[in-house]
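Me: Got a minute to go through a structure with me? I'd like to talk through the sheet first and then the inside.

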Amino acid sequence: MSRWAAAIDFGTSKIAVVAGRLDERGSLMVLGAGQQCYAGYRDDEWQDVEGLEEAILSARKAAERQAGRRIRDMFVAVPGEYIQVAFNRAEVEIKNRYGLVTREDVEELIERTGDFDHPHGYVPLHRTPVAYIIENQTRYKPPIGEKARYLSGYVSHVLAAESFVEDVGTTLSNLGIGVLG
């Protein structure tokens, strides 16, 4: 069964909206796309808020025409200017009686890496394990089922400027568009 998805991307001078279907494997078949030029943003500031709303609606309308379906909710791509990345390391003791790494151990490791002071004005968006370490050996896939006393690893945390998240969330909400993520 496929699912419908749409996303909006804010470039420095252009807004793009894509819409399509996600199949069972997570591949996206694009059915519609629209783009519209706008004044953009500079120095953490939108240059023309009214023009921003018009550009969003225009890009959405073009994508809807091509896809033949109304877009009510979208995923939002955050421009690089508003992103920071932090890499953190943590360690957990493997406590089950067999000494095997479990999914819960991996989840605890990821949670522990989130314990850091975020830069002021930034909020967490996403986190992804980069590497796991068992017995001084690096693994790039979760080592579930491997024997170990300790599991350590590095996790990448993507942070977004709170001002961008709030501005875009408010603007889309005012236009009757929901934010999926």
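Reply: Sure, here is a walk through the sheet, the helices on it and the cavity, bearing in mind that this is a predicted model.

Me: OK, in what order do the strands of the open sheet come?
Reply: The order is E3-E2-E1-E6-E11, so five strands with mixed pairing.

Me: And which ones are the edge strands?
Reply: Strand E3 (28-37) and strand E11 (178-179), each of which pairs on one side only.

Me: How many bridges hold E6 and E11 together, and is the sense parallel or antiparallel?
Reply: Two bridges, in the parallel sense, with E6 covering residues 73-77. Asp73 in E6 has Gly178 of E11 as its bridge partner.

Me: What about E6 and E1, how many bridges there?
Reply: Three, and E1 and E6 run parallel. As for a residue pair, Ala7 sits opposite Phe75 of E6.

Me: Staying on E6, which side chains are buried?
Reply: Met74 and Val76, which point to one face. Asp73, Phe75 and Ala77 point to the other face and are not buried.

Me: Why the back and forth?
Reply: Because side chains in a regular strand alternate between the two faces of the sheet.

Me: Switching to helices: which strands does H1 lie across?
Reply: Helix H1 (residues 49-67) lies across strand E1 (3-10), strand E2 (14-22), E3 and E6. Relative to E3, H1 runs at about 145 degrees.

Me: And H3, what does that touch?
Reply: Helix H3 (residues 162-174) packs on the sheet and touches E1, E6 and E11. The direction of H3 makes about 155 degrees with that of E6.

Me: New topic, cavities. How many of 30 Å³ or more turn up?
Reply: One, from a search of the whole structure. The volume of the largest cavity is about 40 Å³.

Me: Which residues line the largest cavity?
Reply: Asp44, Glu45, Trp46, Tyr82, Ser163, Phe164 and Asp167.

Me: Where does the largest share of that lining come from?
Reply: From H3, with three residues. Strand E5 (45-46) and H3 each supply at least two residues of the lining.

Me: How does the lining divide into nonpolar, polar and charged?
Reply: Three residues are nonpolar, one is polar and three are charged.

Terms used: Residues are numbered from 1 along each chain as its sequence is written. This is a predicted model: local features need pLDDT of at least 70, side-chain atom pairs count only at pLDDT 80 or more; totals for chains, interfaces and linings use all residues. Side-chain values use heavy atoms; hydrogens and water are left out. Two strands pair if DSSP finds at least two bridges between them. Helices (H or I, at least four residues) and strands (E, at least two) are DSSP runs, numbered from the N terminus. Contact means heavy atoms within 4.5 Å. Axes are lines fitted to C-alpha atoms, for helices over the stretch in contact, and angles run from 0 to 180 degrees between N-to-C directions. Buried means under 20% relative accessible area, exposed over 50%, partly exposed in between (1.4 Å probe, protein chains only). On a 1 Å grid over the protein atoms alone, a cavity is a set of points where a 1.4 Å probe fits but cannot get out, and a pocket is an open set with protein on both sides within 12 Å along at least five of seven lines; lining residues have an atom within 4 Å of a point. Grid points are joined across faces, edges and corners, and a volume is the space filled by probe spheres set on the points. Ala, Val, Leu, Ile, Met, Phe, Trp, Tyr, Cys and Pro count as nonpolar, Asp, Glu, Lys and Arg as charged, and the others, Gly among them, as polar.
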